[in-house]
Amino acid sequence: MERSSTTPGGSARREATRQKLYEAAVTLIAEQGFSATTVDEIAERAGVAKGTVYYNFASKSVLFEELLRHGVGLLTASLREAAERTAGEGGGKVDALDAMIRAGLVFIDRYPAFTQLYVAELWRTNRAWQSTLMVVRQQAVAVVEGVLREGVATGEFSEEIDVPLTAAALVGMVLVAALDWQSFQPERSLDEVHAALSRLLQGRVSGRP
């Protein structure tokens, strides 16, 4: 997975190594689960020494927690960029939500293994990183909430909308629809999936005829 930003004071070499470890960890854990994946396997898949893993991350759990932060951070940035780009082009709030839906689908299409892990971890309550996951999840949902609140303020959306729940529902819709697409309907194109969700958005959120 690509980095979302350059680590202040960090060397390019160390950042590249961390990217290799993220890629190795997300692939292995998606294949065989967190408990079954060992640090040795992560190091081997990344092409580095085992000590390199511990040099960058205190433990396998810390590595996975940072992986969640990293991945959801990328998703959040892509959603925010889509909303800002739409606003810059003079689009309305429905247009911004539609652009965010597409950005989410593009992200999931690019990082399917991470998305599967993220969705699976949302349902677990006994993980050491659960609180971190809730924080980064809210960061992504908050971007959608912001667009909805602005739409309510400008009259584009109904004041009756439950903003937090609607934002969570939109994010969840994209996640579940994309995973279903990749698992059971892979013959569909990204454009087809986006078009279906876009129609749902237009009818259920904007209230347009």
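Domain bounds here come from an automatic or database domain assignment. With that settled, let's work through some exercises on this predicted model.

**Exercise 1. Lay out the domains.**

Find which domains the chain is assigned, and how far apart the centres of domain 1 and domain 2 are.

*Solution.*
Step 1. Start with the bounds: residues 9-57 make up domain 1, and residues 59-206 make up domain 2.
Step 2. Take the centres over C-alpha atoms; domain 1 and domain 2 are then separated by 26 Å.
Step 3. Now turn to the contact itself, to which domain 1 gives 16 residues and domain 2 gives 14 residues.

**Exercise 2. Describe the interface.**

Work out how much area domain 1 and domain 2 bury between them, and what kind of atoms it falls on.

*Solution.*
Step 1. A word on the quantity: the size of an interface is often given as the accessible area lost when the parts come together.
Step 2. For domain 1 and domain 2 that area is about 1,400 Å², with 78% of it on carbon and sulfur atoms.
Step 3. Look at the domain 1 side, where Y22, F34 and F57 lose the most area to domain 2. Together these three residues account for 46% of what that side buries.
Step 4. Check for charged pairs: the rule finds zero salt bridges across the interface of domain 1 and domain 2.

**Exercise 3. Place the core.**

Identify the residues with the most contacts inside the largest nonpolar core, then decide where this core lies relative to the two domains.

*Solution.*
Step 1. The largest nonpolar core counts 65 residues, and L97, M100 and F114 have the most contacts inside it.
Step 2. List the elements that give two or more residues to this core: α1 (12-32), α2 (39-46), α4 (60-88), α5 (93-110), α6 (112-122), α7 (130-153), α8 (163-184) and α9 (190-206).
Step 3. Compare with the domain bounds. Domain 1 (9-57) and domain 2 (59-206) both contribute residues, so the core lies between them.
Step 4. For background, nonpolar side chains in soluble globular proteins tend to be buried together.

**Exercise 4. Compare three salt bridges.**

The structure holds seven salt bridges. Take R45 with E31, K93 with E150, and E145 with R149, and say which elements each pair involves and how accessible the residues are.

*Solution.*
Step 1. R45 and E31 meet through their side chains at 3.4 Å, N to O. This pair links distant parts of the chain, with R45 in helix α2 and E31 in helix α1, 14 residues apart. R45 is partly exposed at 42% relative accessibility, while E31 is exposed at 53%.
Step 2. K93 and E150 come together at 2.8 Å, N to O. Here too distant parts of the chain are linked: K93 sits in helix α5 and E150 in helix α7, 57 residues apart. E150 has a relative accessible area of 40%, which makes it partly exposed.
Step 3. E145 and R149 form a salt bridge at 3.6 Å, N to O. Both residues belong to helix α7 and are four residues apart, about one turn of the helix.
Step 4. Within this last pair, the cut-off for buried is under 20% relative accessible area. E145, at 11%, therefore counts as buried, whereas R149, at 44%, is partly exposed.

**Exercise 5. Follow helix α4 to its contacts.**

Is T76 buried or exposed, and which residues do T76 and R69 touch beyond four places in sequence?

*Solution.*
Step 1. Both T76 and R69 lie in helix α4.
Step 2. T76 has a relative accessible area of 5%, so T76 is buried. R69, at 38%, is partly exposed.
Step 3. Leaving aside neighbours within four places in sequence, T76 contacts V136, Q139, A140 and V143. With residues up to four places away not counted, R69 touches T132 and V136.
Step 4. Finally, measure across the chain in the model: R69 and A24 are 45 residues apart in sequence and 16 Å apart in space, C-alpha to C-alpha.

**Exercise 6. Weigh the confidence.**

State the average pLDDT of the chain, and name the elements with the lowest and highest mean pLDDT.

*Solution.*
Step 1. The chain averages a pLDDT of 89, and 93% of the residues score at least 70.
Step 2. Among the elements, α9 has the lowest mean pLDDT, 85, and α5 the highest, 96.

Terms used
Residues numbered from 1 in each chain as written. Predicted model: local features only at pLDDT ≥ 70, side-chain atom pairs only at ≥ 80, totals over all residues. Heavy atoms only, no water. Core = buried A, V, L, I, M, F, W, Y, C linked by side-chain atoms within 4.5 Å. Buried < 20%, exposed > 50% of the residue type's maximum accessible area, 1.4 Å probe, protein only. pLDDT = per-residue confidence, 0-100. Contact = heavy atoms within 4.5 Å. Buried area = accessible area lost by both parts, 1.4 Å probe. Salt bridge = Lys/Arg side-chain N within 4 Å of Asp/Glu carboxyl O.
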